[in-house]
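Colleague: Please pick one part of this model and look at it closely with me. Start at a place where two pieces of the chain meet, then work outward.

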Amino acid sequence: KMPERNVVSWNTMITGYSHHGHCEEAFEFFQQMQQEGVEPNKVTFMSILKACGCQPNLGKGKQIHACIMRNRFESDVFVGSALV
(Lines give C-alpha, C1' and ligand atoms only; values in the text may rest on other atoms or scores of the structure.)
Protein backbone atom coordinates (compact mmCIF):
# COMPACT_ATOMS: atom_id res chain seq x y z
CA LYS A 1 0.00 0.00 0.00
CA MET A 2 1.33 3.41 -0.99
CA PRO A 3 1.19 6.00 1.78
CA GLU A 4 1.14 8.93 -0.65
CA ARG A 5 -0.56 8.59 -4.01
CA ASN A 6 -0.13 11.10 -6.81
CA VAL A 7 -0.64 11.07 -10.56
CA VAL A 8 2.82 9.54 -11.12
CA SER A 9 2.23 6.58 -8.81
CA TRP A 10 -1.25 5.99 -10.28
CA ASN A 11 0.14 6.18 -13.83
CA THR A 12 2.83 3.66 -12.94
CA MET A 13 0.26 1.13 -11.76
CA ILE A 14 -2.15 1.73 -14.65
CA THR A 15 0.66 1.51 -17.23
CA GLY A 16 2.09 -1.65 -15.70
CA TYR A 17 -1.23 -3.44 -15.69
CA SER A 18 -2.13 -2.24 -19.20
CA HIS A 19 1.18 -3.28 -20.74
CA HIS A 20 1.00 -6.74 -19.20
CA GLY A 21 -2.54 -7.46 -20.37
CA HIS A 22 -4.24 -6.99 -16.99
CA CYS A 23 -6.77 -4.58 -18.39
CA GLU A 24 -9.50 -4.99 -15.81
CA GLU A 25 -7.04 -4.13 -13.05
CA ALA A 26 -5.90 -1.07 -15.02
CA PHE A 27 -9.52 0.11 -15.20
CA GLU A 28 -9.97 -0.50 -11.48
CA PHE A 29 -6.91 1.63 -10.70
CA PHE A 30 -8.16 4.35 -13.05
CA GLN A 31 -11.50 4.44 -11.23
CA GLN A 32 -9.82 4.48 -7.82
CA MET A 33 -7.57 7.31 -8.94
CA GLN A 34 -10.57 9.41 -9.89
CA GLN A 35 -12.46 8.52 -6.70
CA GLU A 36 -9.50 9.78 -4.68
CA GLY A 37 -9.60 13.09 -6.54
CA VAL A 38 -6.37 12.69 -8.51
CA GLU A 39 -6.66 14.33 -11.92
CA PRO A 40 -5.56 12.18 -14.88
CA ASN A 41 -2.97 13.57 -17.27
CA LYS A 42 -2.00 12.65 -20.82
CA VAL A 43 0.14 9.72 -19.62
CA THR A 44 -2.86 8.37 -17.73
CA PHE A 45 -5.02 8.52 -20.84
CA MET A 46 -2.39 6.97 -23.09
CA SER A 47 -2.05 4.06 -20.66
CA ILE A 48 -5.76 3.48 -20.08
CA LEU A 49 -6.41 3.63 -23.82
CA LYS A 50 -4.00 0.73 -24.23
CA ALA A 51 -6.17 -1.19 -21.77
CA CYS A 52 -9.22 -0.40 -23.91
CA GLY A 53 -7.54 -2.27 -26.76
CA CYS A 54 -7.45 -5.54 -24.85
CA GLN A 55 -11.01 -5.29 -23.52
CA PRO A 56 -13.89 -6.15 -25.82
CA ASN A 57 -16.04 -3.74 -23.81
CA LEU A 58 -17.08 -0.79 -25.96
CA GLY A 59 -18.76 0.89 -23.00
CA LYS A 60 -15.48 1.38 -21.16
CA GLY A 61 -13.87 2.82 -24.26
CA LYS A 62 -16.71 5.32 -24.57
CA GLN A 63 -16.34 6.27 -20.91
CA ILE A 64 -12.61 6.89 -21.35
CA HIS A 65 -13.25 8.94 -24.49
CA ALA A 66 -15.80 11.07 -22.63
CA CYS A 67 -13.29 11.58 -19.81
CA ILE A 68 -10.67 12.67 -22.35
CA MET A 69 -13.11 15.21 -23.74
CA ARG A 70 -14.08 16.48 -20.27
CA ASN A 71 -10.42 16.97 -19.36
CA ARG A 72 -9.68 18.68 -22.70
CA PHE A 73 -7.05 16.23 -23.91
CA GLU A 74 -8.74 15.51 -27.26
CA SER A 75 -6.33 17.80 -29.14
CA ASP A 76 -3.19 16.43 -27.45
CA VAL A 77 -1.04 14.75 -30.09
CA PHE A 78 0.02 11.86 -27.85
CA VAL A 79 -3.49 11.11 -26.61
CA GLY A 80 -4.83 11.45 -30.15
CA SER A 81 -2.27 8.93 -31.40
CA ALA A 82 -3.26 6.51 -28.65
CA LEU A 83 -6.91 6.84 -29.73
CA VAL A 84 -6.09 5.63 -33.25
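**A helix pair and its surroundings**

Modeller: Start with the crossing of α1 and α3, which is left-handed. Keep in mind that this model is predicted. Find α1 at residues 7–19, and α3 at residues 42–53. Their axes come within 9 Å and cross at roughly 20°. Angles under 35 degrees count as roughly parallel, so α1 and α3 are roughly parallel to each other.

Which residues of α1 and α3 meet? On the α1 side they are V7, N11, I14, T15, S18 and H19. On the α3 side they are V43, T44, S47, I48, K50 and A51. Sort these residues by class, and you get five nonpolar, six polar and one charged.

Now take some of these residues singly. S47 belongs to helix α3. Is S47 buried or exposed? Its relative accessibility is 6%, and buried means under 20%, so S47 counts as buried. Set aside the neighbours within four places in sequence, and S47 is in contact with I14, T15 and S18. Those three residues are on the α1 side of the pair.

V43 is also in helix α3. Its relative accessible area is 36%. That value lies between the 20% limit for buried and the 50% limit for exposed, so V43 is partly exposed. Pair V43 with I14, and the C-alpha atoms are 9.7 Å apart in space. Along the sequence, V43 and I14 are 29 residues apart.

I14 deserves its own look. What does I14 touch, leaving aside its neighbours within four places in sequence? In α3 it is in contact with T44, S47 and I48. The list for I14 also holds A26, F29, F30 and M33.

I14 leads us to the core. The largest nonpolar core has 19 residues. I14 is among those with the most contacts inside it, together with F27, F30, F45, I48, I64 and I68. Which elements give two or more residues to this core? They are α1, α2 (23–35), α3 and α4. The largest share, six residues, comes from α2.

That brings in a second helix pair, α2 and α4. Their axes come within 13 Å and cross at roughly 35°. The crossing of α2 and α4 is left-handed. From α2, the contact uses E24, F27, F30 and Q34. From α4, it uses K60, I64 and C67. The contact of α2 with α4 divides into four nonpolar, one polar and two charged residues.

K60 is worth a stop here. This lysine is found in helix α4. Its relative accessible area is 16%, under the 20% limit, so K60 is buried. Not counting residues up to four places away in sequence, K60 touches E24, F27 and C52. Of these partners, E24 and F27 are on the α2 side of the pair. C52 falls within the residue range of α3.

Go back to α1 for one more residue. S9 lies in that helix. At 14% relative accessibility, S9 is under the 20% limit, so it counts as buried. What does S9 touch, not counting residues up to four places away in sequence? The partners are M2 and E4. S9 and H19 are ten residues apart in sequence. Their C-alpha atoms are 16 Å apart in space.

Just past α1 comes a loop. H20 lies there, between α1 and α2. Its relative accessibility is 64%, over the 50% limit, so H20 counts as exposed. H20 and A51 are 31 residues apart in sequence, yet 9.4 Å apart in space, C-alpha to C-alpha. A51 is one of the α3 residues in the contact with α1.

End with another loop, the one between α4 (58–70) and α5 (77–83). R72 sits in it. R72 has a relative accessible area of 69%, over the 50% limit, so it is exposed. Look at its backbone too. Phi of R72 is near 60°, a positive value in a residue other than glycine.

Note on methods
Residues are numbered from 1 along each chain as its sequence is written. This is a predicted model: local features need pLDDT of at least 70, side-chain atom pairs count only at pLDDT 80 or more; totals for chains, interfaces and linings use all residues. Side-chain values use heavy atoms; hydrogens and water are left out. Helices (H or I, at least four residues) and strands (E, at least two) are DSSP runs, numbered from the N terminus. Buried means under 20% relative accessible area, exposed over 50%, partly exposed in between (1.4 Å probe, protein chains only). Axes are lines fitted to C-alpha atoms, for helices over the stretch in contact, and angles run from 0 to 180 degrees between N-to-C directions. Angles under 35 degrees count as roughly parallel, over 145 as roughly antiparallel, 65 to 115 as roughly perpendicular and the rest as oblique. A crossing is left-handed if the near helix is turned anticlockwise from the far one by less than a right angle, and right-handed if clockwise. Contact means heavy atoms within 4.5 Å. Ala, Val, Leu, Ile, Met, Phe, Trp, Tyr, Cys and Pro count as nonpolar, Asp, Glu, Lys and Arg as charged, and the others, Gly among them, as polar. A nonpolar core is a set of buried Ala, Val, Leu, Ile, Met, Phe, Trp, Tyr and Cys residues joined through side-chain atoms within 4.5 Å.
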